[in-house]
Amino acid sequence: MRQVVFEAERDQTRRLRAGQPATVLVEVEEPGLVEIADLGLSAPAQPLTPARFEILQSNPGRIDITFTPVEDDFPAQAGTLVVREAAEG
């Protein structure tokens with residue numbers, strides 16, 4: 001299983017092949033909630049405990065990840081997971 005790591009403060013883009021299982025970790029600098037709305041997922045995160053998601057996405061596309069700090073009610077873009085077509089062959 002592939003591990004994909006995001007740092008919420010940097011709004012990074014990571015790529016994954018369709019049908020490839022992955023563990024998505026989102027590291028944060030302050031406590032809050034990480035959401036992957038397109039997949040209906042959310043998880044709390046702490047500075048020493050990243051949010052963790054086990055995903056298997058079979059459809060290509062862009063999946064936004066947001067982070068809402070406890071001290072703020074405004075979600076910010078934390079990253080984008082780009083799911084590409086699985087390689088033929």
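Q: How many residues does the hairpin use to join β7 to β8?
A: This is a predicted model. In it, strand β7 covers residues 61–69, and strand β8 covers residues 76–84. The two strands run antiparallel and share 7 bridges. The hairpin that joins β7 to β8 does so through 6 residues.

Q: Which residue in β8 is the bridge partner of Phe-67?
A: β7 and β8 are joined by 7 bridges. Phe-67 has its bridge partner in β8. That partner is Ala-76.

Q: Do β2 and β8 run parallel or antiparallel?
A: Strand β2 spans residues 12–17, and 6 bridges join it to β8. Gln-12 stands opposite Gly-79 in β8. The direction of β2 and β8 is parallel.

Q: How far apart in space are Gln-77 and Thr-49, C-alpha to C-alpha?
A: Gln-77 lies in strand β8. Its relative accessibility is 32%, so Gln-77 counts as partly exposed. In sequence, Gln-77 and Thr-49 are 28 residues apart. In space, C-alpha to C-alpha, they are apart by 19 Å.

Q: How many salt bridges does the count come to?
A: A salt bridge needs a side-chain nitrogen of Lys or Arg within 4 Å of a carboxyl oxygen of Asp or Glu. Arg-10 and Glu-7 form one, with the closest N and O atoms 3.7 Å apart. Glu-54 and Arg-52 meet in a salt bridge at 3.1 Å, N to O. The count comes to 2.

Q: Is Arg-10 exposed or buried?
A: Arg-10 forms a salt bridge with Glu-7. Glu-7 has 32% relative accessibility and counts as partly exposed. Exposed means over 50% relative accessible area. Arg-10 has 54%, so Arg-10 is exposed.

Q: Is Glu-54 buried or partly exposed?
A: The side chains of Glu-54 and Arg-52 meet in a salt bridge. Arg-52 has a relative accessible area of 52%, so Arg-52 is exposed. Buried means under 20% and exposed over 50%, with partly exposed in between. Glu-54 has 44% relative accessibility, so Glu-54 is partly exposed.

Q: Where is Glu-29 found?
A: Glu-29 helps form a negative surface patch, along with Glu-9, Glu-30, Glu-71, Asp-72 and Asp-73. Glu-29 has a relative accessible area of 63%, so Glu-29 is exposed. Strand β3 covers 22–27, and β4 covers 32–36. Glu-29 is found in the loop between β3 and β4.

Methods:
Residues are numbered from 1 along each chain as its sequence is written. This is a predicted model: local features need pLDDT of at least 70, side-chain atom pairs count only at pLDDT 80 or more; totals for chains, interfaces and linings use all residues. Side-chain values use heavy atoms; hydrogens and water are left out. Patches are made of residues with over 30% relative accessible area and no salt bridge: like charges are joined within 9 Å, nonpolar side chains (Val, Leu, Ile, Met, Phe, Trp, Tyr) within 5 Å. Accessible areas come from the Shrake-Rupley method with a 1.4 Å probe; for residues, only the protein chains shown count as cover. Lys and Arg count as positive and Asp and Glu as negative; His and the chain ends are not counted. The place of a charge is taken as NZ of Lys, CZ of Arg, CG of Asp or CD of Glu. Helices (H or I, at least four residues) and strands (E, at least two) are DSSP runs, numbered from the N terminus. Buried means under 20% relative accessible area, exposed over 50%, partly exposed in between (1.4 Å probe, protein chains only). Two strands pair if DSSP finds at least two bridges between them.
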